[in-house]
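Subject: A structure for you to look at

Dear colleague,

I am handing over a structure that I have been reading through, and I would be glad if you kept it open beside this message. What I found in it follows below.

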Amino acid sequence: MTIFANGLSATRSGRTILHSTDVEIRPGERVGLVGASGSGKSTLGHVLIDALRAQGQSVAHVPQSPDEALDPLRSMAFHWHEAERALDLSPDPDRQQSLFRALHISGGDLRKRPWGWSRGMQQRFVIAMALIGTPDLLVMDEPTSALDPVVAAGTMELLEAYLADRDTALLLITHDLGLAARRVGRLLVMDEGRIVEDAPTEQFLSAPATPAAKALCAHRSWLELPC
């Protein structure tokens with residue numbers, strides 16, 4: 001199902017932080033939303049999620065850090081069952097194990113609390129929870145910033161492999177152009193609460209058209225990073 005959301009906007013303390021914005025994402029498409037800090041990326045992501053859910057579309061969110069999704073006083077099993085219950089899904093061990101195998105967390109002890117798992121495993125667990133209901137769109141907001149580059153790269157590769165033959169679309173929100181350039185086929189650039197550029201990744205990198213895009217492409221040290 002193609003994702004459509006029109007006229008997305010947001011204000012804070014009387015100031016517009018997201019100007020009227022339209023978003024279209026095709027089934028299975030991998031889209032990166034990039035821009036400097038404070039450009040409105042995360043705001044657009046949250047407003048988009050709220051709008052799509054209000055329309056009855058299936059959308060899941062992976063936050064920047066697993067700390068935002070996991071209660072340190074609750075077991076991993078509790079979190080999994082709560083996610084199933086929130087989606088009104090019956091417990092399904094086969095579905096769970098399929099996701100755990102895909103994201104390489106089958107060896108994790110669900111009786112433990114989050115701090116009993118490594119940070120990388122915690123974030124992959126959060127991604128697995130987001131995928132339980134096979135969403136139309138997966139929104140990931142700086143999903144690897146809490147991980148070291150090697151673990152981050154491995155996590156994204158596992159997710160790519162899992163999504164490869166599925167229609168779930170991905171919106172990757174990040175200030176890290178290197179991460180986005182390696183993982184998506186289309187890039188959106190935000191600047192001062194507006195999408196100022198929308199182009200295929202290769203075109204964007206070879207011929208950025210706007211000042212904001214040119215500024216992002218100006219420093220190419222990110223090419224050396226694995227993620």
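Which residue of strand 7 does Val-34 stand opposite? Please keep in mind, before looking for the answer, that this is a predicted model. The residue to find is Val-189, which stands opposite Val-34 in strand 7.

**The sheet and strand 3**

As general background, the strands of a sheet pair through backbone hydrogen bonds, and they do so either parallel or antiparallel. In this model there is an open sheet of 6 strands, whose order is 4-5-6-3-7-8 and whose pairing is mixed. At its edges are strand 4 (59-62) and strand 8 (194-200), each of which pairs on one side only. From one strand to the next, the twist averages 20°.

Strand 3 (residues 30-34) is a good place to begin following the pairing. With strand 7 (residues 186-191), strand 3 pairs in the parallel sense over 4 bridges. With strand 6 (residues 169-174), strand 3 is joined by 5 bridges, and these two strands also run parallel. Within strand 6, Thr-174 stands opposite Val-34, while Ile-173 is the bridge partner of Leu-33.

Are the residues of strand 3 buried or exposed? Strand 3 is mostly covered, with 5 of its 5 residues buried. This holds for both faces of the strand, since Arg-30, Gly-32 and Val-34 are buried on one side, and Val-31 and Leu-33 are buried on the other.

**Helices on the sheet**

Turning from the strands to what packs on the sheet, we find helix 1 (residues 41-54), which touches strand 3, strand 4, strand 5 (137-141), strand 6, strand 7 and strand 8. The direction of helix 1 makes about 150° with that of strand 4. Helix 4 packs on the sheet as well, touching strand 4 and strand 5, and its direction makes about 170° with that of strand 4.

**Helix 4 and its two helix partners**

Helix 4 (residues 119-131) also meets helix 5 (residues 149-163), where the two axes come within 10 Å and cross at roughly 25°. An angle under 35 degrees counts as roughly parallel, and helix 4 and helix 5 are therefore described as roughly parallel to each other. Their crossing is right-handed. On the helix 4 side of this contact are Gly-120, Arg-124, Ile-127 and Leu-131, which meet Val-151, Thr-155, Leu-158, Leu-159, Tyr-162 and Leu-163 in helix 5. Sorted by character, the residues of this contact divide into 7 nonpolar, 2 polar and 1 charged.

The other partner to look at is helix 2 (residues 76-86), which packs with helix 4 at an angle of about 20°, the axes being 9 Å apart. Helix 2 and helix 4 are therefore roughly parallel to each other, and their crossing is right-handed. Here Met-76, His-79, Trp-80 and Ala-83 in helix 2 meet Phe-125, Ala-128 and Met-129 in helix 4. The residues of this contact divide into 6 nonpolar, 1 polar and no charged.

**Three single residues**

Ser-9 lies in strand 1 (residues 3-12), and at 43% relative accessibility Ser-9 counts as partly exposed. The C-alpha atoms of Ser-9 and Ser-20 are separated by 4.8 Å, although these residues are 11 residues apart along the chain. If its neighbours within four places in sequence are left aside, Ser-9 is in contact with Leu-18, His-19, Ser-20 and Val-47.

For the remaining residues, it helps to know that most residues other than glycine have a negative phi. Ser-13, in the loop between strand 1 and strand 2 (15-25), has a phi near 55°, a positive value in a residue other than glycine. Thr-134, in the loop between helix 4 and strand 5, likewise is not a glycine and has a positive phi of about 50°.

Where do these loop residues stand in terms of exposure? Ser-13 counts as exposed because its relative accessibility is 81%, and Thr-134 is exposed too, with a relative accessible area of 53%.

With best wishes

Conventions: Residues are numbered from 1 along each chain as its sequence is written. This is a predicted model: local features need pLDDT of at least 70, side-chain atom pairs count only at pLDDT 80 or more; totals for chains, interfaces and linings use all residues. Side-chain values use heavy atoms; hydrogens and water are left out. Axes are lines fitted to C-alpha atoms, for helices over the stretch in contact, and angles run from 0 to 180 degrees between N-to-C directions. Angles under 35 degrees count as roughly parallel, over 145 as roughly antiparallel, 65 to 115 as roughly perpendicular and the rest as oblique. A crossing is left-handed if the near helix is turned anticlockwise from the far one by less than a right angle, and right-handed if clockwise. Contact means heavy atoms within 4.5 Å. Ala, Val, Leu, Ile, Met, Phe, Trp, Tyr, Cys and Pro count as nonpolar, Asp, Glu, Lys and Arg as charged, and the others, Gly among them, as polar. Buried means under 20% relative accessible area, exposed over 50%, partly exposed in between (1.4 Å probe, protein chains only). Two strands pair if DSSP finds at least two bridges between them.
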